[in-house]
Amino acid sequence: MMSARLFLRLCLWLCALFSLAVQAQPAKLSVEDFFRHPQFSNLRISPDGEYLAATAPINGRMNLVVMNIKERKPFGLTSEQRFDIVDFYWVSDNRLVFTLGNINEPSASDARTGGGWFAVDRDGREFRVLAPTIGQQAGAGNLVARLMNYVGNAPDAPDEIIVATNERSAGQSDVYRLNTRNGRKTLLTYENPGGVSQWVLDRNGVPRAAISGTADNGTYVWYRKDAEAKWERIGGARLFAKNFLPLSFGYDGTFYVISNIGRDKYAIYT
């Protein structure tokens with residue numbers, strides 16, 4: 001039998017534990033707290049490992065900031081009030097490109113918001129518009145928006161990137177080298193499989209593989225040996241059928257794909 005004194009001590013001990021548990025309960029989050037922007041997001045290190053770029057809340061929007069990793073003092077590169085910086089890349093140790101959008105709004109709520117591509121040095125200088133926003137294009141009276149997507153960095157030019165855009169034809173994607181200093185573009189896919197939704201570059205920045213759509217919502221896979229070779233269709237599948245898709249090229253030229261043929265999950269193959 002438990003003594004009255006021991007029972008009293010046990011009750012006091014349980015009450016103390018309950019009090020601590022109540023005090024340890026975190027405060028309830030408000031709606032504003034739940035939707036508040038993070039202090040930093042999308043952190044990316046410069047190629048030389050000396051600087052860190054990220055998006056951070058400035059003027060109520062997620063803007064682009066850069067900091068020296070040793071000093072840890074963020075420097076704001078942009079001060080957008082209408083849009084957020086939704087994606088960015090290091091072009092070199094000194095230069096970045098970025099695109100705009102609305103993080104907390106449905107992408108289909110306003111087809112004229114965001115987009116475009118812009119370049120700036122990490123010290124905030126040498127800003128350049130590489131592609132206007134969709135709203136700016138509509139304001140200029142364009143019936144069809146010219147869309148640009150980042151594909152990769154040009155391996156032999158520190159100020160150039162490789163982009164895919166429908167500049168030549170509204171319904172067709174081409175690959176260009178784009179100089180982020182002067183805005184000049186060089187076409188890399190004069191010969192084009194047509195209807196490409198994804199391009200894959202080799203380690204020299206040459207478009208060597210592609211994915212295009214079929215009439216029944218399936219995919220075609222295209223490949224070429226080098227920049228001068230003709231495109232060959234090497235695969236294809238209907239929607240939801242087993243298939244393989246291009247992934248990347250190794251430094252030794254090995255072509256990597258992903259496939260679920262003969263298995264229930266995708267795996268990487270050469």
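## Exercises on a predicted model

In the hairpin of β11 and β12, where five residues lie between the strands, G183 adopts a positive phi near 80 degrees. The model is predicted, and local features need pLDDT of at least 70, side-chain atom pairs count only at pLDDT 80 or more, while totals for chains, interfaces and linings use all residues. Residues are numbered from 1 along each chain as its sequence is written, and side-chain values use heavy atoms, with hydrogens and water left out.

**Exercise 1.** Describe the surroundings of strand β11, including its burial and its pairing with β10 and β12.

*Solution.* Begin with the terms: strands (E, at least two residues) are DSSP runs numbered from the N terminus, and two strands pair if DSSP finds at least two bridges between them. Strand β11 covers residues 172-179, and seven of its eight residues are buried, where buried means under 20% relative accessible area, exposed over 50% and partly exposed in between, with a 1.4 Å probe and protein chains only.

Next, turn to strand β10 (residues 160-169), which pairs with β11 in the antiparallel sense over seven bridges. A hairpin through two residues joins β10 to β11; S169 stands opposite Q172 in β11, and I161 stands opposite L178 in β11.

Then look at strand β12 (residues 185-187), which runs antiparallel to β11 and is joined to it by three bridges. Here Y176 stands opposite L187 in β12.

**Exercise 2.** Work out the strand order of the open sheet that holds β11, and explain why β9 and β12 each have one side without a neighbour in the sheet.

*Solution.* The order of the four strands is β9-β10-β11-β12, with antiparallel pairing. Because β9 (148-153) and β12 stand at the edges, each with a single partner strand, one side of each is left without a neighbour in the sheet. From one strand to the next, the twist averages 40 degrees, with axes taken as lines fitted to C-alpha atoms and angles running from 0 to 180 degrees between N-to-C directions.

**Exercise 3.** Identify which residues of the largest nonpolar core touch the most other members, and which strands each supply at least two of its residues.

*Solution.* A nonpolar core is a set of buried Ala, Val, Leu, Ile, Met, Phe, Trp, Tyr and Cys residues joined through side-chain atoms within 4.5 Å. The largest one has 14 residues, of which V66, L96 and F98 touch the most other members. At least two residues of this core come from each of β2 (51-58), β3, β5 (84-90), β6 (95-101) and β7 (115-121). Taking F98 as the case to follow, its contacts (heavy atoms within 4.5 Å) include L64, I85, F88, W117 and F127, with residues up to four places away in sequence not counted.

**Exercise 4.** Compare the settings of R72 and N217, each of which has a positive phi although it is not a glycine.

*Solution.* For R72, phi is about 60 degrees, and the residue lies in the loop between β3 (61-68) and β4 (75-76). R72 is exposed, with a relative accessible area of 65%. For N217, phi is about 70 degrees, and the residue lies in the loop between β14 (207-213) and β15 (219-223). N217 is exposed as well, with a relative accessible area of 58%.
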